[in-house]
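This report introduces a structure to a reader who has not met it before. Please look through the sequence and the model before reading on.

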Amino acid sequence: METAEKKILNCATTDPNKILPMKYKWARKHYQSGVANNWTPDEVNMQKDVETWKSTSVLSDDERRLIMWNMGFFSTAESLTANNLVLTIYKHITNPECRQYLLRQAYEEAVHTDTFIYCCDTLGLDPDDVYTMYDRVPSIKHKDEFVVNMTKSLSDPNFSTNGTENIQRFVHDLVGFYVIMEGIFFYAGFVMMLSFLRQNKMVGVGEQFQFILRDESVHLAFGTDLINTIVEENPEIWTEQFKTTITENIKHGVELESAYAHDCLPTGILGLNADTIDEYLKYVADRRLERINLEKVYGAENPFPWMSEIIDLRKEKNFFETRVTEYKNAGSLKW
Ligand code: FE
Ligand code: MN
């Protein structure tokens, strides 16, 4: 079969086991980026965090609650993402190079789930507290419910991607998972947790979130390439009405994430306040809209340019060697 005949959806002639010759080079590129970013939570030393967490004088009550809520949201959200990926998206995406990436992503979601097990273990957090927060904290519950509700078609066992309406439903759900869940609902949490890192508090947890952020930025890049390719191959789905529905969903996602940020940050801490995070979420949402060829709606500026620097910094294979080199350089400078 010629690669030109390969299509992402409804391609009965595609043998899911025949990955070469490859048509969708972006899927391969994202797979390689994932591998280049490889990490595991136990590589991160948590000793300083354990001391900080035990001490009664370093963290304020607001800071502690903020850490706990982000642990609560992310710990269950990572599982939700992993389950959706392997139980629903994988079934409908039969293209082998895309499936290769989905397998890599599923592994990374397992690493992220492991991160919160590791954080609970090292800091001695109560699992019953962390893993029930999605049910107890309304602004977390609303985010999870929104994603589960807007991605219903994918979990219907009788769902197929045949026909314009079904392809629209599928793309609608992909936007829910990749653009809203991974591309917006994680971002207030990322800003908060990375602000600890920037203030040199809870540096281990901060570093874990930094690695997760880099992985998620690749997941988002794959998800949006996937969405754009499906639209390119099925242009009839991209009606004005459908584009409006997608834009409205993204705007609703921003509102829910903003409500979460206001809940987490009733007062300004860590040099952050909820209004600045709002501005950031709007900036992020505009980028997501443009990435899937929709008009931006907010025109917001990026109040946290340091977030982009963190995303762009790749771990690469020689991460630890690089660190040693950096220490050596620092030493030789003093010398
Ligand atoms: Fe994840
Ligand atoms: Mn992810």
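The sections below take up model confidence, the two metal sites and one helix.

## Confidence of the model

The structure is a predicted model. Over the chain, pLDDT averages 90, and 92% of the residues score at least 70. Residues 316-335 stand apart from this description: their pLDDT stays under 50. For this stretch the model has 7 contacts beyond four places in sequence.

## The iron site

The iron ion (ligand 1) is coordinated by Glu78 (OE), Glu109 (OE), His112 (ND1) and Glu216 (OE), at distances of 1.9 to 2.2 Å. Along the sequence, these donor residues follow the spacing E-x30-E-x2-H-x103-E. The 4 donor atoms subtend angles of 86 to 137° around the iron ion, and the arrangement is therefore irregular. Four donors would count as tetrahedral if all angles lay between 85 and 135 degrees.

Two of these donors link distant parts of the chain: Glu78 belongs to helix α3 (residues 61-92) and His112 to helix α4 (residues 96-123), 34 residues apart. Both Glu78 and His112 are buried.

## The manganese site

The manganese ion (ligand 2) has Glu109 (OE), Glu182 (OE), Glu216 (OE) and His219 (ND1) as its protein donors, which lie 1.8 to 2.2 Å from the ion. Their spacing along the chain is E-x72-E-x33-E-x2-H. Here, too, a pair of donors links distant parts of the chain, with Glu182 in helix α9 (residues 164-185) and His219 in helix α11 (residues 203-233), 37 residues apart. Glu182 and His219 are both buried.

## The bridge between the metals

The iron ion (ligand 1) and the manganese ion (ligand 2) lie 3.1 Å apart, and Glu109 coordinates both. Glu216 likewise appears among the donors of the iron ion and among those of the manganese ion.

## Helix α14

Helix α14 covers residues 305-312, and its buried residues are Trp306, Met307, Ile310 and Ile311. Viewed down the helix axis, these buried residues fall within an arc of 145°, so they line one face of α14. The face turned away from the buried side carries the exposed residues Glu309 and Asp312.

What do the buried residues of α14 pack against? Their partners are α10 (187-198), α11 and α13 (274-291). Of these, α11 is also the helix that holds His219, a donor of the manganese ion.

Conventions. Residues are numbered from 1 along each chain as its sequence is written. Chains are lettered from A and ligands numbered from 1 in the order in which they are written. This is a predicted model: local features need pLDDT of at least 70, side-chain atom pairs count only at pLDDT 80 or more; totals for chains, interfaces and linings use all residues. Side-chain values use heavy atoms; hydrogens and water are left out. Donors are N, O and S atoms within 2.8 Å of the metal (3.2 Å for Na, K and Ca); water is not among the atoms, so sites may look incomplete. Helices (H or I, at least four residues) and strands (E, at least two) are DSSP runs, numbered from the N terminus. Buried means under 20% relative accessible area, exposed over 50%, partly exposed in between (1.4 Å probe, protein chains only). The arc is that of the directions from the helix axis to the C-beta atoms. Contact means heavy atoms within 4.5 Å. pLDDT is the predictor's confidence in each residue, from 0 to 100. Four donors count as tetrahedral if all angles lie between 85 and 135 degrees; four count as square planar and six as octahedral if opposite donors are over 155 degrees apart and all others between 65 and 115; anything else is irregular.
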